[in-house]
Amino acid sequence: QVSKDRDRAGLVILDIFCEGNRPYHSGNVAMVYAVGPERRRESSDASFIQKVRLVGRNIVAACREYNLAESRRPSIDRVRVCLVSGGKYAGSVPKEEIALALLRGVLEALPDSPDDERLQAIP
């Protein structure tokens, strides 16, 4: 789901690296590009935080869809997520609140069933 605003907050794009072009080591199979919201474009802190949460959900959803496609290999087994919409995009919203919203979105999108190990969070 992407916001209907012109800024496209929530948009997530996967860029899968070719086998010979993976930076640093063979486990780096993809780059996840996520568009976070800007506080100044939102009507309230709550609206901003809700869109940050959407970004977290969409990151997991994009990776899950990719992994579940039978013809797609290699799978995305681990994702490092930076603080999307932090810094100058946050306005006066504390970074801790943004990080919590992002992580809540990630956790909401994880599967409830442990049946597919490829989709589980690594503690």
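**Exercise 1. Charged pairs**

State whether Lys51 and Glu42 are buried or exposed, and give the distance between the closest N and O atoms of this pair.

*Solution.*
Step 1. Both Lys51 and Glu42 are buried, where buried means under 20% relative accessible area, exposed over 50%, and partly exposed in between (1.4 Å probe, protein chains only).
Step 2. Lys51 and Glu42 form a salt bridge, with their closest N and O atoms 3.0 Å apart; the term requires a side-chain nitrogen of Lys or Arg within 4 Å of a carboxyl oxygen of Asp or Glu.
Step 3. The model is a predicted one, in which local features need pLDDT of at least 70 and side-chain atom pairs count only at pLDDT 80 or more, whereas totals for chains, interfaces and linings use all residues. Residues are numbered from 1 along each chain as its sequence is written, and side-chain values use heavy atoms, with hydrogens and water left out.

**Exercise 2. Further salt bridges**

Find how many salt bridges the whole structure holds, and describe the partners of Glu38 and Asp45.

*Solution.*
Step 1. The search of the whole structure yields five salt bridges.
Step 2. Glu38 pairs with Arg40, and the closest N and O atoms lie 3.0 Å apart. Glu38 is buried because its relative accessible area is 17%, while Arg40 counts as exposed at 67%.
Step 3. Asp45 meets Arg39 in a salt bridge with an N to O distance of 2.5 Å. Asp45 has a relative accessible area of 34%, so this residue is partly exposed; Arg39, at 17%, is buried.
Step 4. A network of salt bridges links Arg53, Arg57 and Glu108.

**Exercise 3. A buried charge without a salt bridge**

Locate Arg22 in the chain, and identify the nearest side chain of opposite charge.

*Solution.*
Step 1. Arg22 belongs to the loop between β1 (12–16) and β2 (30–34). Strands here are DSSP runs of E with at least two residues, helices are runs of H or I with at least four, and both are numbered from the N terminus.
Step 2. Although Arg22 is buried, this residue has no salt bridge. The nearest side chain of opposite charge is that of Glu19, 5.0 Å away; Lys and Arg count as positive, Asp and Glu as negative, and His and the chain ends are not counted.
Step 3. The Arg22 side chain does reach the backbone oxygen of Ser26, at 3.3 Å.
Step 4. When neighbours within four places in sequence are left aside, Arg22 is in contact (heavy atoms within 4.5 Å) with Phe17, Asn28, Val29 and Pro74.

**Exercise 4. Positive phi angles**

Which sign does phi have in Tyr24 and in Ser85, and where do these residues lie?

*Solution.*
Step 1. Most residues other than glycine have a negative phi.
Step 2. In Tyr24, phi is positive, near 75 degrees. Tyr24 lies in the loop between β1 and β2 and counts as exposed because its relative accessibility is 81%.
Step 3. In Ser85, phi is also positive, near 70 degrees. Ser85 is placed in the loop between α1 (45–68) and α2 (95–109); its relative accessibility is 7%, so Ser85 counts as buried.

**Exercise 5. Two strands and a pocket**

Describe the surroundings of Ile13 and Ala30, then give the volume of the largest pocket.

*Solution.*
Step 1. Ile13, in strand β1, has its C-alpha atom 5.1 Å from that of Tyr33, a residue 20 places away in sequence. Among the contacts of Ile13 are Met31 and Val32.
Step 2. Ala30, in strand β2, has its C-alpha atom 4.3 Å from that of Ile16, 14 residues away along the chain. Not counting residues up to four places away in sequence, Ala30 touches Asp15, Ile16, Phe17 and Ile76.
Step 3. The largest pocket has a volume of about 650 Å³. A pocket is an open set of points on a 1 Å grid over the protein atoms alone where a 1.4 Å probe fits, with protein on both sides within 12 Å along at least five of seven lines, and lining residues have an atom within 4 Å of a point. The volume is the space filled by probe spheres set on the points, which are joined across faces, edges and corners.
Step 4. The lining comprises 22 residues, and Ala30, Val32, Arg78, Val79 and Arg80 lie nearest the centre. β2 contributes the most to this lining, with five residues.

Definitions and conventions:
Polar contact = N/O pair within 3.5 Å; in protein donor to acceptor, adjacent residues only side chain to side chain.
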